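Work through the exercises below with the sequence and the coordinates open, and attempt each task before reading its solution.

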Amino acid sequence: MSFIKEQPCSAPHCVRIGKGRYCAYHRSLVRHYGAPVAGPGKQLLAVHERYLRKVLGPHVAADDEAQGLIGKIAEMAFGPRPIHFQDTRGRIRRAAYEAAVGQVERIRQCHPGESNGQLAERFWWAFLAVQFVELNDVFLHRDRHHFWTSVVRLLITDTHRNKPSSRYAEYLQARLNALLSVSAARWCSKVEL
């Protein structure tokens with residue numbers, strides 16, 4: 001029989017010893033709130049988002065193409081349908097669909113009373129901020145999946161469910177990545193840090 005040995009906790013700056021990867025305190029945090037988020041701090045992203053809204057806000061509001069994109073975001077990001085979650089044989093990936101719907105509901109709970117259009121506008125600014133941070137080398141994400149989790153983290157306001165659904169991030173990557181990236185890069189190039 002092999003027992004899990006006592007070892008230092010893996011959480012940064014924690015000196016406690018525990019069985020397994022984390023000490024009892026950090027393990028309970030992981031259990032209740034999802035794994036600790038490794039990524040850019042929310043403050044860093046929020047500051048850039050505020051800056052972009054201030055500088056680009058009036059231009060985006062007047063631009064028909066950007067408004068069309070926001071309409072498409074409302075349709076795709078906040079109205080996932082089972083048909084979007086098919087495997088290679090055309091069967092519905094039920095669990096992935098339900099995870100995405102659950103994540104959309106949690107985002108809605110953070111912004112009560114907002115329509116899909118208003119949520120889509122928030123989503124657009126969150127996406128623009130994360131793309132801007134990436135393009136200006138402020139913070140480079142490991143891969144596109146982590147990029148999308150940062151976008152969703154900006155939409156989640158309560159500290160409780162801080163860890164975005166990985167299946168929802170995968171869905172956004174598949175549906176919206178190609179649609180938004182080029183246009184957002186063009187908008188980001190109009191702004192200087």
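The exercises that follow concern a predicted model, and they go from the whole chain to helix pairs and then to single residues.

**Exercise 1. The chain as a whole**

Task: Describe the secondary structure of the protein chain, its extent, and its burial and surface.

Solution: Begin with the elements, which come to seven helices and two strands; read from the N terminus, their order is β-β-α-α-α-α-α-α-α. Next, take the extent of the C-alpha trace, which spans about 65 × 45 × 30 Å along its principal axes. Then turn to burial: of the 193 residues in the protein chain, 38% are buried, while the area that the chain exposes is about 11,200 Å², with carbon and sulfur atoms supplying 53% of it. Finally, consider the contacts between residues at least 6 apart in sequence, of which 66% join residues at least 24 apart.

**Exercise 2. Charges**

Task: State how far apart the mean positions of the positive and negative charges of the protein chain are.

Solution: The protein chain has 28 positive and 17 negative charges. When the mean position is taken for each of the two sets, the two points are 9 Å apart.

**Exercise 3. Two helix pairs**

Task: Classify the packing of H2 with H6 and of H3 with H5, and name residues that make each contact.

Solution: Two packed helices are described by the angle between their axes and by the distance between those axes. For helix H2 (residues 42–62) and helix H6 (residues 144–155), the angle is about 80 degrees and the axes are 10 Å apart. Angles of 65 to 115 degrees count as roughly perpendicular, and H2 and H6 are therefore roughly perpendicular to each other. On the H2 side the contact is made by Lys 42, Leu 45, Ala 46 and Glu 49, and on the H6 side by Ser 150, Arg 153 and Leu 154.

For helix H3 (residues 64–77) and helix H5 (residues 116–135), the angle is about 110 degrees, with axes 8 Å apart, so that H3 and H5 are likewise roughly perpendicular to each other. Here Leu 69, Ile 70, Ile 73, Ala 74 and Ala 77 of H3 meet residues of H5, among them Ala 120, Phe 123 and Trp 124.

**Exercise 4. A residue in the first helix**

Task: Is His 26 buried or exposed, and which residues is His 26 in contact with beyond its neighbours within four places in sequence?

Solution: His 26 lies in helix H1 (residues 24–33). Its relative accessibility is 17%, and because buried means under 20%, His 26 counts as buried. Once the neighbours within four places in sequence are left aside, His 26 is in contact with Cys 9, Ala 11, Cys 14 and Arg 16.

**Exercise 5. Three loop residues**

Task: Locate Glu 114, Arg 91 and Asn 136, and assign each to an accessibility class.

Solution: Glu 114 is in the loop between helix H4 (94–110) and H5, and at 22% relative accessibility Glu 114 counts as partly exposed; not counting residues up to four places away in sequence, Glu 114 touches Leu 119 and Arg 122. Arg 91 belongs to the loop between H3 and H4, where a value of 49% makes Arg 91 partly exposed; with the same exclusion, Arg 91 touches Phe 85 and Gln 86. Asn 136, in the loop between H5 and H6, has 31% relative accessibility and counts as partly exposed. As a last step, compare sequence with space: Asn 136 and Glu 192 are 56 residues apart in sequence, and their C-alpha atoms are 9.0 Å apart.

Terms used: Residues are numbered from 1 along each chain as its sequence is written. This is a predicted model: local features need pLDDT of at least 70, side-chain atom pairs count only at pLDDT 80 or more; totals for chains, interfaces and linings use all residues. Side-chain values use heavy atoms; hydrogens and water are left out. Helices (H or I, at least four residues) and strands (E, at least two) are DSSP runs, numbered from the N terminus. Buried means under 20% relative accessible area, exposed over 50%, partly exposed in between (1.4 Å probe, protein chains only). Contact means heavy atoms within 4.5 Å. Accessible areas come from the Shrake-Rupley method with a 1.4 Å probe; for residues, only the protein chains shown count as cover. Lys and Arg count as positive and Asp and Glu as negative; His and the chain ends are not counted. The place of a charge is taken as NZ of Lys, CZ of Arg, CG of Asp or CD of Glu. Axes are lines fitted to C-alpha atoms, for helices over the stretch in contact, and angles run from 0 to 180 degrees between N-to-C directions. Angles under 35 degrees count as roughly parallel, over 145 as roughly antiparallel, 65 to 115 as roughly perpendicular and the rest as oblique.
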